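Thanks, everyone; I would like to take a few minutes on the enclosed spaces in this structure, and then turn to one helix. Please have the sequence and the model open as we go.

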Amino acid sequence: MPSPAIIGQSLISGTFIGALYALLGLGLSLSWGMLRQINLAHFALAFLGAYLTYQLSGVGGMDPLLTLLLIAPAFFLLGVGMHWVFVRFAVGPLGSLLATFGLTVIIESVIQWIWTADFLKLESPYGSASLRVGIFYLPVAGLITLAAAAALCFGTWAVLRYTDLGRAMRAAAEDGPMAAAFGVNVNALSRLLSGFASACAGVAGVALALSYTLAPSQIYAWIGVIFAVVMIGGLGKPLGPLIAGLVIGVSEAVTMALTAPAWAPVVSFSLLILVLLARARNI
Amino acid sequence: MQRLGRLALSLAALAALGLAFGFRPAGADPTGDPVRIGGTLALTGPLAATAIVHKIVGEIYVDNLNHGKGLLGRPVEWVLKDDQSKPDLARTLYEQLITVDKVDLLMGPYATGDILAAMAVAQRYNKVLIHHTFGIPSMAKYEWQFPAWSLGSDPAKTFPNTLFDALAAAPHPPKTIAILASKFPSVYFMSQGAREVAKTRGLQEVLYLEYEFGTQDFGPIAARVKDANPDLLFVGAIGLEGNQILDALKKIDYVPHYHFYMYPAAGPMAKSPLAANALAASIFEQHPPFTDNPVAAAFAKEYNDRAAKAGLPYTLVETQAAVSFTAWQILEAAVTATNSLDDAKIGPWLKTHPVDTIQGKLHFDGPNNYGDDLTKVKQVQDGKWVTVWPKQWAPPGATLHGE
């Protein structure tokens with residue numbers, strides 16, 4: 001039987017990786033559920049954000065957290081631009097999947113062209129620092145990721161639920177023409193939402209840069225588990241990625257602590273299948 | 001008079017070095033139709049970080065051939081395609097190189113999966129395939145495949161013994177071992193071999209864990225390692241996994257005693273502040289006595305320049321670059337010796353003749369065309385890889401650093 005230290009530390013580790021899943025999943029869930037765009041480029045944007053963090057912080061000397069002040073607005077504009085293109089060319093859900101896959105390949109090539117295919121690691125005070133609480137260690141980068149994920153997910157949930165802006169967004173997502181008939185500027189709100197989803201990718205990129213070694217091909221390493229997070233959490237539901245991310249992250253970590261770590265990847269997809277089966281039964 | 005003699009000697013030495021590295025006096029430029037050598041590399045995809053090393057080395061070698069005597073007096077053209085790190089694509093591209101591009105000779109790709117795919121095509125067309133870093137010698141069944149990576153035919157047994165010999169000679173030999181085994185095929189069987197050999201050598205196994213290639217969160221594994229607290233942490237890791245494990249260990253404030261990583265990403269591990277004294281397998285490192293070989297020294301100098309220009313973080317020659325250079329040396333030696341581009345002559349010649357390379361003399365007369373296991377043990381010391389075992393390959397004064 002593993003010691004309490006192993007179980008506890010694994011729970012902490014699973015919580016932090018779950019928070020990263022949530023950060024990566026939030027923008028994808030919003031654009032998929034509310035804009036009907038399956039934005040595969042979300043992962044590439046997150047890694048572009050991570051490389052920009054590396055550049056601004058590792059080379060330029062900025063504090064990694066301050067890079068958010070540049071990256072988030074820039075990615076917001078990028079998201080607005082992407083949405084404009086999708087609307088201009090009437091790209092549907094399947095079309096968006098193909099178009100954003102193409103965009104992913106382009107972004108990967110641009111990253112490789114600028115930063116080479118070699119591995120890059122941002123050495124920052126946050127990356128390897130940990131706080132000690134009793135027998136447990138809380139990595140600072142993990143705490144930052146958890147705080148960002150919780151703030152973004154709860155903040156988005158609150159805005160969508162309690163503000164006029166959020167209600168208008170939900171109405172536009174539910175039935176665009178009807179919302180427009182009631183005076184809602186659907187196009188403007190869609191651009192705003194797309195920009196926000198891209199900005200979330202930028203935030204996830206900063207979190208990635210704090211904890212992980214970067215390589216262009218790593219873009220694809222996260223797709224499977226994040227899709228599972230988004231599907232389990234429910235499309236367009238901002239708290240979904242946080243809950244699903246934490247459930248998957250903790251489940252994987254506990255699996256690794258109690259059994260052979262090689263079983264951990266089975267967890268996320270087993271949960272996905274169970275959730276899909278349960279939903280199908282409810283239908 | 002003495003000065004003139006020394007000058008003549010120096011010029012002669014320089015000329016010998018130039019000839020050895022493919023240079024030739026002006027006026028003897030290669031002429032005629034180019035000899036076309038086709039191959040693929042994983043220029044994009046998950047293997048791209050290492051493939052760029054092989055690309056730089058290939059370009060150096062071909063440039064030097066073309067600035068010298070070429071192959072059989074003809075210039076050389078390297079027809080290089082991007083297999084995107086996908087074995088299925090590598091298979092298609094090698095088929096294309098042979099049937100559409102009609103290349104004269106093949107040069108193998110890098111990495112086990114891609115090499116295996118290319119090997120099947122080479123076998124179908126009876127082409128010689130000299131390949132770079134094939135990790136599972138028992139799977140190399142084709143008669144005319146020739147490994148440039150001198151692993152020996154049974155590295156899962158031979159290499160762990162080399163490693164444990166090195167550690168047995170250290171000031172505090174380990175008594176307990178934890179083994180972390182990536183399920184990536186070309187390292188997994190090495191971990192299994194290490195497990196067996198450790199048993200026979202009396203090392204007590206306190207932890208054995210298998211994990212999937214692509215694991216992102218090593219936190220729980222790190223917690224179990226810390227709990228086991230082994231004298232030796234043996235990680236059957238490939239690429240970045242070693243760095244990921246070190247990062248996870250650092251986050252829980254644990255520094256392993258002796259720690260070994262099978263095939264780490266050389267640059268990131270050497271540069272990581274957490275990797276002090278990390279051990280790994282090696283074939284060649286850029287220090288004496290390897291660089292006492294003038295061909296190796298000239299190659300290293302050129303590689304350093306080009307790797308820096310390409311923006312690589314680690315610009316020194318290590319295993320990947322050395323193996324790649326060796327592959328080209330083998331091909332050149334066989335073509336020159338047989339005076340032919342005919343695979344039916346080159347293949348049999350290689351099976352019966354050793355070739356001088358920067359790794360040493362390689363021969364291909366063992367099981368599956370493998371010769372001796374020339375693998376060595378290296379260690380991160382002051383941000384660089386230094387060979388520490390066998391002792392005759394360590395640079396002057398270097399020893400295996402303790403816990």
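Let me begin with the lining of the largest cavity, whose residues divide into 10 nonpolar, 9 polar and 3 charged. I should say at once that this is a predicted model, and that the search of the whole structure finds 5 cavities of 30 Å³ or more. The largest cavity holds about 400 Å³ of space, and, of the 22 residues that line it, those closest to its centre are S13(A), Y212(A), D217(B), G219(B) and K251(B). As for the elements that give two or more residues to this lining, they are α1 (4–35), α6 (140–162) and α9 (186–211) of chain A, together with α8 (241–251) of chain B; the largest share, 5 residues, comes from α1(A).

Moving on to the second largest cavity, about 80 Å³ of space lies there, and among the 14 residues that line it, S150(B), L362(B), H363(B), G371(B) and D372(B) are the closest to its centre. The lining of this second cavity divides into 8 nonpolar, 4 polar and 2 charged residues.

Finally, the helix. For α11 of chain B, residues 319–338, we can check the length: at 1.5 Å a residue, its 20 residues should span 28 Å, and because the end C-alpha atoms are 28 Å apart, the two values agree. This helix, α11(B), is mostly covered, with 17 of its 20 residues buried, and it is followed by N339(B), whose phi is positive, near 50°.

How values were computed:
Residues numbered from 1 in each chain as written. Chains lettered and ligands numbered in written order. Predicted model: local features only at pLDDT ≥ 70, side-chain atom pairs only at ≥ 80, totals over all residues. Heavy atoms only, no water. Helix = DSSP H or I, 4+ residues; strand = E, 2+ residues; numbered from the N terminus. Expected span 1.5 Å × (residues − 1). Buried < 20%, exposed > 50% of the residue type's maximum accessible area, 1.4 Å probe, protein only. 1 Å grid on protein atoms, 1.4 Å probe; cavity = no way out; pocket = protein on both sides within 12 Å on 5 of 7 lines; lining within 4 Å. Points joined across faces, edges and corners; volume = space filled by probe spheres on them. Nonpolar A, V, L, I, M, F, W, Y, C, P; charged D, E, K, R; others polar.
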